[in-house]
Amino acid sequence: MEDRRFEGKVALITGAANGIGAGVSRRLAGSGAHVVVADIDGDRGKVIADEVDGLYVHCDVRDPEHSKAAVAAAVERFGSLDLVALNAGISTGFGLGDDFDPERYRSVMGINLDGVVYGVHAALPALRASHGQIIATASMAGITPTPMDPVYGANKTAVVGLVRSLAPSLVRDRVRVNALCPSFADTAIIAPFRETLESTNMPIMEVADVVTAFMAIAESNGTGECWFVVPGRESQPFTFRNAPGPRSATGERMSVDPGAFATGQEA
């Protein structure tokens, strides 16, 4: 039976020219969505856009104006925006020792973290109107330590924290935001250490497995969730252990409604 669960919906995917982004573009289009393929790789991006009968927009996620332009293009072409997949990302390629590269550091943080922040900011007005959703591609590096690439671990952990902190303030707008946290998948990001993974028999997932998890998030009702995607296990939201909370002077546990601290409601 043909899956048309996203019939007529409009989706914007960053980093959509290759890997997970391209796979998500194909799957959403196959489910009936209008897809906006956003990437800096114009040649490959146009190929994917043509394949899914969608729209290609040039988008360097390090520039907030590019994210605004991509959202505007989606709304102008298709009339609305229902789902934003903030997927653009790169590996780091250096540590914090003698190999530290400040210029590349800013670029990596710009893509992996700023790109998510700018994308959320740009998309919120349209998503409030459609009661849509955001899915940010984080990583298992945002949940577990990543000694091989601590800077990557830092920016992906920041994405996880952003999603968890942002979600409560968007509930009243009926906008959901979740994170996709895959382990090692067969994409360009793992190229620098693929041989190491293979030599240690670390399983490398197919992109299709990550896309399937993405679709499960898109079809769910949760918000503020970070779904792990690892070989041999069914993907589901990671259960974070509750942090120690404050107690009153008399020893009673204290709690605060997260919505009480919601800020930045107007974008």
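Start with the sheet: select the eight strands of this predicted model. They form an open sheet with mixed pairing, in the order β3-β2-β1-β4-β5-β6-β7-β8. At the edges stand β3 and β8 (236-237), each with a single partner strand, so one side of each has no neighbour in the sheet.

Next, pick residues 10-14 and 83-86, which are β1 and β4. These two strands run parallel and are joined by three bridges. Zoom in on Ile13 and you'll find Ala85 of β4 opposite.

Now bring in the helices. Show α1, which lies across β1, β2, β4 and β6 (176-182) and runs at about 170 degrees to β1. Then add α7, residues 207-218. That helix lies across β4, β5 (133-137), β6 and β7 (226-229), at about 160 degrees to β6.

Last stop: α2, residues 42-51. Which of its residues are buried? Select Gly42, Gly45, Ile48 and Ala49. They share one side of α2 because they cover an arc of only 125 degrees around the axis. An α-helix has 3.6 residues a turn, so residues three or four places apart point the same way. To see what covers the buried residues of α2, switch on α1 (19-30), β2 (34-39) and β3 (55-58), which are among the covering elements. Flip to the other side of α2 and there are Asp43 and Asp50, both exposed.

Finish with the two ends of α2. At the N-terminal end, Asp41 is the cap: one of its side-chain oxygens sits 3.4 Å from the backbone nitrogen of Asp43. After α2 comes Asp53, with a positive phi near 55 degrees.

How values were computed
Residues numbered from 1 in each chain as written. Predicted model: local features only at pLDDT ≥ 70, side-chain atom pairs only at ≥ 80, totals over all residues. Heavy atoms only, no water. Buried < 20%, exposed > 50% of the residue type's maximum accessible area, 1.4 Å probe, protein only. Helix = DSSP H or I, 4+ residues; strand = E, 2+ residues; numbered from the N terminus. Arc of directions from axis to C-beta. Contact = heavy atoms within 4.5 Å. Polar contact = N/O pair within 3.5 Å; in protein donor to acceptor, adjacent residues only side chain to side chain. Pairing = 2+ DSSP bridges. Axes fitted to C-alpha atoms, helices over the stretch in contact; angles between N-to-C directions.
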